Amino acid sequence: MPEIILDDLRKEFDGVVAADGLSLTIGDGEYVCILGPTGAGKTTCMRMVCGLTKPDSGRVLMDGRDVTDDSVDSRNATMLSQTYALFPHLNVYDNVMFAPRIKEWPEDSSKQIVRSMLHMVHLEQKAEWKPGELSGGQQQRIALARALASGSKVLLLDEPLRALDARLRINLRKELRSMAKEMGLTCIHVTHDQDEALEMADKIAVIRKGRIIQFGTPREVFEDPATPFVANFVGRSNVIVGRVVESTPEGTIVETQSGMRFPARPSDLAAGDEAVLTVKVGFTKITRMQEGQPSAVCVGTIERILYEGVTVTVEIAVEGVGLLSAKLPNRKYEEYSPGDSVGVYWMPDKASVFPMPPEGIEDEMRLD
Ligand SMILES: Nc1ncnc2c1ncn2[C@@H]1O[C@H](COP(=O)(O)OP(=O)(O)OP(=O)(O)O)[C@@H](O)[C@H]1O
Ligand SMILES: [Mg+2]
């Protein structure tokens, strides 16, 4: 039986629709990441799950029971809010020990739990400190430890790794996920960080304008996006607008207004349909143009090369199309320079095609 069902939730704040027919089913013990731009309704969604916000309509079911009208306390769900509130007068240890004490768990196992949580967030040495003596990131980790030690079966984490530096953030991803799995928790984890979601989630829910627009495994969401927006939000994509000129079981060909043709995977679209082709920047490649090069799909001029450490991103101006980007391994850095003429290509199976969204492409691709 699924643990949490959000069924057609709607919530409006003074004319602002924060949830617009939001539905989501989360399995027992699943780790789900909610990914979406700012203002998309992520926090509102979490608050409705734990009972802090009451939906205008729709239902929340937990373990098959309708809890829509139940109080926060009766739901067995703990939310780590975006503004983690620690008890300022209690030291770190007692903050984390808060729920075990209230719930009167046996002293020995409580101590054990609190210790392992503090260990997980690397703050055992700060057990005696007060929250006010800690940095923002340390406080956030304490709040996370406290949420994990709450004894709730369902954990709602709103940007739990936000204030941490990049290295710690990456380490904690693994530890948080394995801790949640070990404890058999069901987690909903809100993040802005697509890498975090891809790495941590069993499933990712992409939310936009109060609706879930895709719910799938990280691989599905990354490689088979449901909309052009998802294609560009979860791993940046090149976006090409045109018309389908060929659609067969082998693939789709999209032609731009300027007459350039680009290959993509098979689709339901028919010849003549207006279409949007997307291909991940990381799946886009470039090559030196040579006589009879069959693989390049278009030719352009390198405008910029951005050094990123392990990778470099090359921006190529293509006449009639605009700027396309390609991510290359670092060893290619010396090989190309701005001004070079290069062929751009990709494996057709790596490119998706979508019907033109009714609101037009600009509205679809907006990131807010
Ligand atoms: N209590 C409230 N009163 C009025 N408007 C609200 C309230 N809570 C949320 N909203 C509005 O609802 C929309 C969704 O807000 P929400 O906080 O759920 O977004 P979010 O996805 O969590 O964004 P962020 O990534 O910035 O945290 C926003 O337009 C916001 O202004
Ligand atoms: Mg929020």
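**Ligand 1 shell.** I began with the surroundings of ligand 1 in this predicted model, where 13 residues lie around the ligand and Thr38, Gly39, Lys42, Thr43 and Thr44 come nearest. Sorting the shell by residue class, I noted seven polar residues, five nonpolar ones and one that is charged.

**Polar contacts.** I then looked up which atoms of the protein face the oxygen atoms of ligand 1, and I noted a polar backbone atom of glycine 39 at 2.8 Å from one such oxygen. For alanine 40 I again found a backbone N or O atom, here 3.2 Å from an oxygen atom of ligand 1. With histidine 192 the contact comes from the side chain, one of whose N or O atoms is 3.1 Å from an oxygen atom of the ligand. I next asked how much of ligand 1 is covered, and I recorded that the protein covers 63% of the 630 Å² of accessible area that the ligand has on its own.

**Elements around the ligand.** Turning to secondary structure, I listed β2 (16–26) and α1 (42–50) as the elements that give two or more residues to the shell around ligand 1. Of these I marked α1, which gives the most, with three residues.

**Domains.** I moved on to the domain assignment of the chain, which gives domain 1 as 4–223 and domain 2 as 231–365. Taken over C-alpha atoms, the centres of domain 1 and domain 2 are separated by 37 Å. I noted that the two domains do touch, with 11 residues of domain 1 in contact with 11 residues of domain 2.

**Area between the domains.** I recorded about 870 Å² buried between domain 1 and domain 2, of which 56% is on carbon and sulfur atoms. On the side of domain 1, I noted that Arg208, Phe222 and Glu223 supply 52% of the area this domain buries against domain 2, more than any other three residues.

How values were computed:
Residues are numbered from 1 along each chain as its sequence is written. Chains are lettered from A and ligands numbered from 1 in the order in which they are written. This is a predicted model: local features need pLDDT of at least 70, side-chain atom pairs count only at pLDDT 80 or more; totals for chains, interfaces and linings use all residues. Side-chain values use heavy atoms; hydrogens and water are left out. A residue is near a molecule or strand if one of its heavy atoms lies within 4 Å of it. A polar contact is a pair of N or O atoms within 3.5 Å; within protein, one must be able to donate a hydrogen and the other to accept it, and residues adjacent in sequence count only if both atoms are side-chain atoms. Accessible areas come from the Shrake-Rupley method with a 1.4 Å probe; for residues, only the protein chains shown count as cover. Helices (H or I, at least four residues) and strands (E, at least two) are DSSP runs, numbered from the N terminus. Ala, Val, Leu, Ile, Met, Phe, Trp, Tyr, Cys and Pro count as nonpolar, Asp, Glu, Lys and Arg as charged, and the others, Gly among them, as polar. Domain bounds come from an automatic or database domain assignment. Contact means heavy atoms within 4.5 Å. Buried area is the accessible area (1.4 Å probe) that two parts lose on being put together, summed over both.
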